[in-house]
Amino acid sequence: MMPLTLAEVGEENLIRKIGGKQEVRAHLENLGFVVGAAVTVINAVGGNVIVNVKDSRIAVGREMAQKIMV
């Protein structure tokens with residue numbers, strides 16, 4: 001298990017765990033980041049990532065991406 005920030009670009013991963021406070025987890029869940037969902041990193045710049053999750057492209061900051069374990 002590793003944080004989303006370390007995932008390879010173009011590689012599909014499954015979300016295994018989401019950390020952080022309850023409000024952070026709820027926000028990520030509303031964006032489609034749920035345990036068991038497939039997530040693919042499209043681009044990564046300085047720890048910030050652009051991902052495909054549930055047929056949507058979403059930009060996630062470094063701090064949030066660190067809380068998403070794949």
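**Figure 1. Strands E1 and E3 are joined by three bridges and run antiparallel.** In this predicted model, Leu14 stands opposite Ala38 of E3. The two strands belong to an open sheet of four strands, ordered E1-E3-E4-E5, in which the pairing is antiparallel. E1 and E5 form the edges of this sheet, each pairing on one side only. Neighbouring strands are turned against each other by 35 degrees on average, direction ignored.

**Figure 2. Strands E3 and E4 form a hairpin with two residues between them.** Strand E3 comprises residues 38-45 and pairs with E4 in the antiparallel sense over six bridges. Within this pairing, Ala44 stands opposite Val49 of E4. In the turn, Gly46 has a positive phi of about 60 degrees.

**Figure 3. Strands E4 and E5 form a hairpin, also with two residues between them.** E5 covers residues 56-60, and five bridges join this strand to E4 in an antiparallel arrangement. Ile50 has Ala59 of E5 as its bridge partner. The turn includes Lys54, whose phi is positive, at about 50 degrees.

**Figure 4. Side chains alternate between two faces along strand E4, residues 48-53.** Val49, Val51 and Val53 point to one face and are buried. Asn48, Ile50 and Asn52 point to the other face and are not buried. Ile50, on the face that is not buried, is the residue paired with Ala59 in E5.

**Figure 5. The largest nonpolar core contains 18 residues.** Those with the most contacts inside this core are Leu4, Ile15, Phe33, Val39, Val49, Val51 and Val60. Helix H1 (22-31) and the strands E3, E4 and E5 each supply at least two residues of the core. E4 gives the most, with three residues. In soluble globular proteins, nonpolar side chains tend to be buried together.

**Figure 6. Leu4 is one of the core residues with the most contacts inside the core.** Leaving aside neighbours within four places in sequence, Leu4 is in contact with Phe33, Val39, Val41, Val49, Val51, Ala65, Ile68 and Val70. Among these partners, Val49 and Val51 are on the buried face of E4.

**Figure 7. Thr5 lies in the segment before strand E1 (12-14).** Thr5 has a relative accessible area of 17% and is therefore buried, the limit being under 20%. The side chain of Thr5 makes a polar contact of 2.5 Å with the side chain of Gln66. Not counting residues up to four places away in sequence, Thr5 touches Gly47, Arg62, Ala65 and Gln66.

**Figure 8. Val9 is also placed in the segment before E1.** When neighbours within four places in sequence are set aside, Val9 is in contact with Val41, Ile42, Asn43 and Ala44. Val9 and Val45 are 36 residues apart in sequence, and their C-alpha atoms are 11 Å apart in space.

**Figure 9. The views above are placed here in the whole chain, which has two helices and six strands.** From the N terminus on, the elements run β-β-α-β-β-β-α-β. The radius of gyration is 10 Å, close to the 11 Å that the globule rule gives for 70 residues, so the chain is as compact as a globular protein of that length. Along its principal axes, the C-alpha trace spans about 30 × 25 × 20 Å. Of the 70 residues, 36% count as buried. Among contacts with a separation of 6 or more, 53% are between residues 24 or more positions apart.

Technical notes:
Residues are numbered from 1 along each chain as its sequence is written. This is a predicted model: local features need pLDDT of at least 70, side-chain atom pairs count only at pLDDT 80 or more; totals for chains, interfaces and linings use all residues. Side-chain values use heavy atoms; hydrogens and water are left out. Buried means under 20% relative accessible area, exposed over 50%, partly exposed in between (1.4 Å probe, protein chains only). Two strands pair if DSSP finds at least two bridges between them. A polar contact is a pair of N or O atoms within 3.5 Å; within protein, one must be able to donate a hydrogen and the other to accept it, and residues adjacent in sequence count only if both atoms are side-chain atoms. Contact means heavy atoms within 4.5 Å. A nonpolar core is a set of buried Ala, Val, Leu, Ile, Met, Phe, Trp, Tyr and Cys residues joined through side-chain atoms within 4.5 Å. Axes are lines fitted to C-alpha atoms, for helices over the stretch in contact, and angles run from 0 to 180 degrees between N-to-C directions. The radius of gyration is taken over C-alpha atoms; the globule rule is 2.2 Å times the number of residues to the power 0.38.
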